[in-house]
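Q: Please take a close look at one part of this model, the salt bridges and the residues that form them. Which side chains pair up, and how buried or exposed are they?

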Amino acid sequence: MLQTFGKEAADKHNVSSNIASYIKEKILCGEWNPGDRIVETKLARELEMSQTPIREAVRQLAGEGVVTIVPNKGPFVRTFSAKDIFEIYSYRAVLEGMAIRLAVGNASLTDIRHLEQFYEEMKKKLPDDAVESLSEDSGYIHNYIFKLAKHAVLLEMFAFISFRVRLVNRIVGKKYSKEREVSEHWELIEALKQGNPDEAERVMRAHIQRAYLEFVDTGKFDRSELAKNEWL
């Protein structure tokens, strides 16, 4: 049994939350794909526990929009349409635009220097063949901006949308090159340095929009359906 869950867990809520996180990881790593059925009895055997916390975890994920429960058939990993992709990224643009706007007013010189130093270390990884991706480094910059916003609800919503973004990227198989990760994230640090909240928000929203527009060119979604959605 996975030690993550531990039979000494303080309460059922903690157990079901841990199971929900476990299910998410199975989806992100590609073990389960959109449209796959989640067999609760099989999962219960795998984790050596009753089905009750499994069901609670599934209900939690259904509430988060990760799982779809089909009457008389059970839970399935949710599939994403072109409209879903638009909604995820347009919401993310608004969310992150507000975050960097607030961060501009809160960022100290120490914060800016920290991000600049982090970015320099990020660039040093470019020629290192042992480093396959810089997506975690890019994620750190975005996370740091949200922390600088000092807005608890924004941070909570960011955690919510981040999983969906990771899932959509995994489904589409979209990966940025290290060069791309480096070249596109300096603009966010520079926007913080300039200290203009309007310009910082514009830069961030354009940054997110570029990521969305790439989905139009993947060929995995109906271009005409994507084109119906005007960017905010």
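A: In this predicted model, Arg 205 is partly exposed, with a relative accessibility of 23%. Its side chain meets that of Glu 201 in a salt bridge, at 3.6 Å from N to O. Glu 201 has a relative accessibility of 18%, and because buried means under 20%, Glu 201 counts as buried. Both residues lie in helix α9, four residues apart, so about one helical turn separates them.

The pair belongs to a wider arrangement: salt bridges that share partners join Glu 201 and Arg 205 with Arg 101 and Asp 198 in one network. Within this network, Arg 101 forms a salt bridge with Asp 198, and the closest N and O atoms are 2.4 Å apart. That contact links distant parts of the chain, with Arg 101 in helix α4 and Asp 198 in helix α9, 97 residues apart. Arg 101 is partly exposed, at a relative accessible area of 32%.

Another salt bridge joins Glu 116 and Lys 193, with 3.0 Å between the closest N and O atoms. Glu 116 belongs to helix α5 (residues 109-124) and Lys 193 to helix α8; they are 77 residues apart, and this pair too links distant parts of the chain. Glu 116 is partly exposed, with a relative accessible area of 22%, and Lys 193 is partly exposed at 38%.

The model has 19 salt bridges by the rule applied. Helices α4, α8 and α9 are also among those that each supply at least two residues to the lining of the largest pocket. That lining divides into 11 nonpolar, 11 polar and 11 charged residues.

Conventions
Residues numbered from 1 in each chain as written. Predicted model: local features only at pLDDT ≥ 70, side-chain atom pairs only at ≥ 80, totals over all residues. Heavy atoms only, no water. Nonpolar A, V, L, I, M, F, W, Y, C, P; charged D, E, K, R; others polar. Salt bridge = Lys/Arg side-chain N within 4 Å of Asp/Glu carboxyl O. Buried < 20%, exposed > 50% of the residue type's maximum accessible area, 1.4 Å probe, protein only.
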